[in-house]
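Biologist: Please take a close look at one part of this model, the cysteines and whether they are paired or free. After that, go on to the surface and the pockets.

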Amino acid sequence: MESQEAADDQRSRIQEHVSAAAARWRQGDVIQHVSAVRLVDLSRPLSPAAEVLREAEGVPLAVDLNAEPELAILDTAEPMGYAIVSQTCDVVRDVLDQPNIQLCPIRIVPETHVRQVQKSESTQMVWLPQLGVNIAADLTRAFTVEKSTLIGQEPVHGIETASEIRNFSAVVARRFGRFAFPDDLHDSMIRFRPKIVGKHNKNSDEGAALRQVHQIRAEAAPGWDSASIEVTLHFILEPEVLPELDSWPEAGSRPRLASSTEAAQRVATSSGREAAEAWVDLANSWVALCEPQGAIKSFFTKVTSTELFSMEDMRHTEQLDMDYLSASDSS
């Protein structure tokens, strides 16, 4: 009995010590000395690391695709460490209530995708600005560790300012709570999405214009679960684009241009109301690429700015995440 009491007393001291250590950490902090553990099927490897382990273990590739998996534990360590993606309130909570935290590996962002990561346009990677302009956490590879893994390590802050903390939290929240758009919307935007993705990083008037779009949000009337849906795509521009405007021209009153090139040139060379009309024409040309499928019956366009897009507008719209970044496992 005395031995059991001693063990219980020691467990209590350990829990208190771990809770105190975890209280120094927060979301976005980096932990270095830890390994990521993954469960893989060696007969059906889906990453280079799993293939290396398969060959080392001498496991043949599955011939019968319905055969039982050859499960194994894959232990990998990222040289840049791992970022905490759990909410700070969960990180600092007593271990009796919350003993675990979630981590994601830290990666160098490909040069072609740095702007998208910095603007929080994807839910696959989230920027860690305190570590560098091209450093991010890969949200596609989250895993769980107990808080005791923090013992003996010093937190490195990947985010510091209120804006950085807010942006990081928002991307993580979108990743794990993304709105489920109907398949018909995805099918309707097969031509739209590659256009937006392909032009974003181009050194052109159209690419420069896209980089001034803060968000693209979708609104459904009467609702996403309706049998007949009218979709409005809201192009919300950064505040410095046309700060002197207090209203925008209606998209429906503007003709759709055959090409986006002309509209983008006008956006780059005009100002004031003329620039606003050019922006509407440009957005119209992008939305014209959408081809209604299934329950999606039509598309409409609206252009506005971050200052004019209200909280009520936010409540009735959902952000389109351009998840086109490559987040494949390089290990």
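Modeller: Cys89 is partly exposed in this predicted model, because its relative accessible area of 42% lies between the limits of 20% for buried and 50% for exposed. Cys290 counts as buried, because its relative accessibility of 7% is under 20%. With a disulfide taken as two cysteine sulfur atoms within 2.5 Å, the count comes to 0 disulfides. Cys89 is accordingly in no disulfide, and the nearest cysteine sulfur, that of Cys104, is 17 Å away.

On the surface, Val37, Leu39, Leu71 and Ile73 make a nonpolar patch of about 420 Å². Two elements, β2 (36-41) and β3 (71-76), give two or more residues to the nonpolar patch. Leu71 has its place in strand β3. This residue, Leu71, is exposed, because its relative accessible area of 55% is over 50%.

As for pockets, the largest pocket has a volume of about 880 Å³. It is lined by 31 residues, of which Arg174, Glu318, Gln319, Leu320 and Asp321 are the closest to its centre. The elements that give two or more residues to this lining are α5 (162-176), α6 (183-188), α7 (192-200), β10 (213-221) and β13 (318-319). Of these, α5 gives the most to the lining of the largest pocket, with 6 residues.

Key:
Residues numbered from 1 in each chain as written. Predicted model: local features only at pLDDT ≥ 70, side-chain atom pairs only at ≥ 80, totals over all residues. Heavy atoms only, no water. Patch = residues over 30% accessible without salt bridge, like charges linked within 9 Å, V, L, I, M, F, W, Y side chains within 5 Å. Areas by Shrake-Rupley, 256 points an atom, 1.4 Å probe, with all protein chains shown as cover. Salt bridge = Lys/Arg side-chain N within 4 Å of Asp/Glu carboxyl O. Helix = DSSP H or I, 4+ residues; strand = E, 2+ residues; numbered from the N terminus. Buried < 20%, exposed > 50% of the residue type's maximum accessible area, 1.4 Å probe, protein only. 1 Å grid on protein atoms, 1.4 Å probe; cavity = no way out; pocket = protein on both sides within 12 Å on 5 of 7 lines; lining within 4 Å. Points joined across faces, edges and corners; volume = space filled by probe spheres on them.
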